[in-house]
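Me: Please take a close look at the aromatic rings of this model and at the nonpolar surroundings in the same structure. A connected account would be welcome.

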Amino acid sequence: MSTDRLLQVKNLTIAFDNDDTRQAITTVENVNFNVHRGEILCIVGESGCGKSVTSMAIPRLLPSPPSKILNGEVLFEGVNLLKLPIKEMRKYRGAKIGVIFQDPMTALSPLVRIGKQMIEALLIHNPKTKKKEALALALEWLKKVGIQNPEVAMNAYPYELSGGMQQRVMIAMCLILKPQLIIADEPTTALDVTIQAQVLDLMLELHQKDSGMIFITHDMGVVRKMADRVIVMYAGQIVEEAKADDFFAGPKHPYARALLDALPSHATRGKKLSAIPGQVPSPGNFSKACRFADRCAHAKEICFKDAPKLHLNDKHNVRCHFNTNEQELN
């Protein structure tokens with residue numbers, strides 16, 4: 001992994017307008033992280049933890065209104081994307097920052113054939129490219145992502161392709177422009193296990209050493225396969241960050257441990273799977289103390305009174321009142 005920093009997110013705080021209260025509700029609070037060239041950063045957490053909101057803020061794809069960036073910077077190669085005029089921002093989307101969306105059926109236009117959708121971005125970002133060259137490049141990338149009959153797929157509408165093929169088309173559309181940063185927002189959620197494994201292997205194979213990737217997921221099995229570094233989010237905050245090897249060797253935050261404990265394994269075969277009680281609070285109901293306290297088996301009095309800070313050290317950044325080793329938690 002390169003030490004060349006590609007992206008820096010600093011103190012990012014995002015809110016959404018609430019029609020009922022007519023006040024903005026903070027959904028993501030003081031998020032900080034970096035992405036280096038050659039690195040795959042996995043951001044993990046249950047639905048509603050702020051993963052997708054954080055990632056979509058980077059290329060500024062959140063609708064505004066209702067979203068508002070209350071604070072922070074998103075520095076891509078030193079340029080603060082949040083300060084760019086929309087016209088300038090469009091030069092970054094696709095060409096420099098590519099997005100693989102969660103649901104290709106809604107991301108792809110049902111009224112436009114696959115081939116036309118693929119070459120559109122090429123011609124927009126490279127207007128000197130001839131249409132014949134763009135078509136040839138689109139066919140080449142459909143082959144790269146494992147579509148066996150690319151000529152047929154080029155002439156098909158999205159609904160004529162299976163979910164796995166649609167996701168492969170999305171990957172090809174993203175990578176055809178060779179972006180420096182790839183944001184993959186739960187790209188395998190809607191796929192069956194076999195196709196999911198194929199798509200993950202494909203993304204690892206095509207991931208370039210000089211590009212960075214942010215992979216959003218709630219599946220710890222996917223994280224184990226993909227990640228160089230892991231960020232765990234809960235209720236709009238980062239609660240743990242570590243290199244993947246250190247994280248899986250011993251997660252420190254109780255929430256991160258609970259997520260791993262809920263992962264099926266050979267050791268749990270025939271046993272009742274572990275589950276985290278309760279659910280992620282909605283943004284309007286975030287606690288001013290520890291946001292995980294009411295679901296945490298190790299919570300103490302201080303957890304319900306004071307908000308923990310994100311403690312930084314060489315191997316783990318952890319948001320907890322305790323050092324969270326096994327002795328102190330039990």
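Reply: In this predicted model, six aromatic pairs are present. One of them joins Phe247 and Phe248, whose rings meet edge-to-face, with 5.2 Å from centre to centre and 85° between the planes. The angle of 85° earns that label because planes over 60 degrees apart count as edge-to-face. Both partners can also be placed by accessibility. Phe247 has a relative accessibility of 0% and therefore counts as buried. Phe248 stands at 19% and counts as buried too, because the limit is under 20%.

Aromatic residues also gather in a cluster, which is formed by Tyr234, Tyr255 and Phe292.

Two further rings are associated with lysine side chains. The ring of Tyr92 has the charged end of Lys96 over it, at 4.7 Å from the ring centre. In a second case, the charged end of Lys300 lies over the ring of Phe322, 4.9 Å from the centre of that ring.

The nonpolar surroundings can be described through the largest nonpolar core, which comprises 97 residues. Within this core, the members that touch the most others are Leu7, Phe33, Ile58, Leu181, Ile214 and Phe215, so two phenylalanines appear in that group. Helix H7, spanning residues 163-175, contributes the most to the core, with six residues.

Ile214 shows the connections of one such member. Apart from neighbours within four places in sequence, Ile214 is in contact with Leu7, Phe33, Ile58 and Leu181. The contacts of Ile214 also include Val35, Leu41 and Ile43, together with Ile182, Ile183 and Ala184.

Key. Residues are numbered from 1 along each chain as its sequence is written. This is a predicted model: local features need pLDDT of at least 70, side-chain atom pairs count only at pLDDT 80 or more; totals for chains, interfaces and linings use all residues. Side-chain values use heavy atoms; hydrogens and water are left out. A nonpolar core is a set of buried Ala, Val, Leu, Ile, Met, Phe, Trp, Tyr and Cys residues joined through side-chain atoms within 4.5 Å. Buried means under 20% relative accessible area, exposed over 50%, partly exposed in between (1.4 Å probe, protein chains only). Helices (H or I, at least four residues) and strands (E, at least two) are DSSP runs, numbered from the N terminus. Contact means heavy atoms within 4.5 Å. Rings of Phe, Tyr and Trp (its six-membered ring) pair if their centres lie within 6.5 Å; planes under 30 degrees apart count as stacked, over 60 as edge-to-face and the rest as tilted. A charge sits over a ring if NZ of Lys or CZ of Arg is within 6 Å of the ring centre and within 35 degrees of the ring normal.
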